[in-house]
Amino acid sequence: MIYLLFALCIFGLDLFIKKQIEAQDEAVFPIRLTGGFILKRHHNYGFALNRLDRHPKLVRLVCFLIFFPLCLWSLRLFFKKSRGRTAAAQAVGKLGFSFLLGGAASNLYDRFFRGYVVDYLALPKREGKGAKKIRNIIFNIADFFIFIGGILTAVYGLFTEY
């Protein structure tokens, strides 16, 4: 049950930040943060890096079709009893799925109720090979949790027998 609470907290935190970003006047941005991160307001109508942004209905459909089984699988795992040597792996899996679920729910909410996902964090400016590609990435807290959740879920998959 605690893992469902984690997912709800991630969902709520990200929606709260997005609401604050949307409430600001466009002239306020960009804002430089500690550590070199840059606060921006970007409306993403597509997948990562605006892929398929000209097909928002398709993007919403695909996101929903991915989210629904993720929800079912997460709930199944959240209520599964942890036993023996697999308890640690299950805890990692539950945490990973709670991160995925919270982040995905926040972005899915945006897609259905705003028509776009609000992205607001840009990475610090770096020089060197490949820096130009990274410089253009803008994400939100939900994306961060989806990324970390994916890693934790992959680790869980490596140590779980089916």
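Start at Phe-64, which counts as partly exposed because its relative accessibility is 37%. In this predicted model, Phe-64 makes an aromatic pair with Phe-112, and the two rings meet edge-to-face, with 6.5 Å between their centres and 75 degrees between their planes. Phe-112 is also a partly exposed residue, at 45% relative accessibility. Follow the chain from one ring to the other and you travel 48 residues, from helix α2 to helix α3, so this pair is a link between distant parts of the chain.

That pair belongs to a set of 9 aromatic pairs in the structure. Another one to look up is Phe-144 with Phe-145, again edge-to-face, with centres 5.7 Å apart and planes at 75 degrees. Here the two partners sit in unlike surroundings: Phe-144 has 41% relative accessibility and counts as partly exposed, whereas Phe-145, at 17%, counts as buried because the limit for that word is under 20%. Ring pairs can also chain together, and Tyr-3, Phe-6 and Phe-78 are linked that way into a cluster. While you're looking at rings, find Trp-73: the charged end of Arg-76 sits over its ring, 4.5 Å from the centre.

Now follow helix α2 itself. It has 23 residues and spans 32 Å from its first C-alpha to its last, close to the 33 Å expected at 1.5 Å a residue. Its buried residues are Val-59, Cys-63, Phe-67, Leu-70, Ser-74, Leu-77 and Phe-78. An α-helix has 3.6 residues a turn, so residues three or four places apart point the same way. What do these buried residues of α2 pack against? Their neighbours are α1, α3 and α5, the last of these running over 141-158.

This brings us to the inside of the structure. In soluble globular proteins, nonpolar side chains tend to be buried together. The largest nonpolar core here has 16 residues, and the members that touch the most others are Phe-67, Leu-70, Phe-78, Phe-97, Leu-101 and Tyr-156. Two or more residues of this core come from each of α1 (2-23), α2 (56-78) and α3 (87-113). Helix α3 gives the largest share, with 7 residues.

Leu-101 is a handy place to stand if you want to look around. Leaving out residues up to four places away in sequence, Leu-101 touches Leu-4, Ala-7, Phe-67, Leu-70, Cys-71, Ser-74 and Phe-78. There is also a second, separate core, made of 12 residues, and Ile-21, Tyr-116, Phe-139 and Phe-145 are among them. Phe-145 is the buried partner from the ring pair we met above.

Charges come next. The structure holds 4 salt bridges. In one of them, Asp-110 joins Lys-18, with the closest N and O atoms 2.9 Å apart. Are these two residues buried or exposed? Asp-110 is buried, with a relative accessible area of 0%, and Lys-18 is buried with a value of 0% too. The bridge links distant parts of the chain, since Asp-110 lies in helix α3 and Lys-18 in helix α1, 92 residues apart.

Asp-110 has another partner: Arg-114 forms a salt bridge with it, the closest N and O atoms being 2.4 Å apart. Arg-114 is partly exposed, with a relative accessible area of 26%. Salt bridges with shared partners join Asp-14, Lys-18, Asp-110 and Arg-114 into one network.

A further salt bridge runs between Glu-26 and Arg-41, whose closest N and O atoms are 2.8 Å apart. Glu-26 is in the loop between α1 and β1 (31-32), while Arg-41 is in strand β2 (residues 38-44), so the bridge ties together parts that lie 15 residues apart in sequence. Glu-26 counts as partly exposed at 46% relative accessibility, while Arg-41, at 18%, counts as buried.

The loop between α1 and β1 also holds Asp-25. Asp-25 is exposed, with a relative accessible area of 52%. To finish, look across from Asp-25 to Ile-146: the two are 121 residues apart in sequence, and in space their C-alpha atoms are 28 Å apart.

Conventions. Residues are numbered from 1 along each chain as its sequence is written. This is a predicted model: local features need pLDDT of at least 70, side-chain atom pairs count only at pLDDT 80 or more; totals for chains, interfaces and linings use all residues. Side-chain values use heavy atoms; hydrogens and water are left out. A nonpolar core is a set of buried Ala, Val, Leu, Ile, Met, Phe, Trp, Tyr and Cys residues joined through side-chain atoms within 4.5 Å. Buried means under 20% relative accessible area, exposed over 50%, partly exposed in between (1.4 Å probe, protein chains only). Helices (H or I, at least four residues) and strands (E, at least two) are DSSP runs, numbered from the N terminus. Contact means heavy atoms within 4.5 Å. Rings of Phe, Tyr and Trp (its six-membered ring) pair if their centres lie within 6.5 Å; planes under 30 degrees apart count as stacked, over 60 as edge-to-face and the rest as tilted. A charge sits over a ring if NZ of Lys or CZ of Arg is within 6 Å of the ring centre and within 35 degrees of the ring normal. A salt bridge is a side-chain nitrogen of Lys or Arg within 4 Å of a carboxyl oxygen of Asp or Glu. The expected span of a helix is 1.5 Å times one less than its number of residues.
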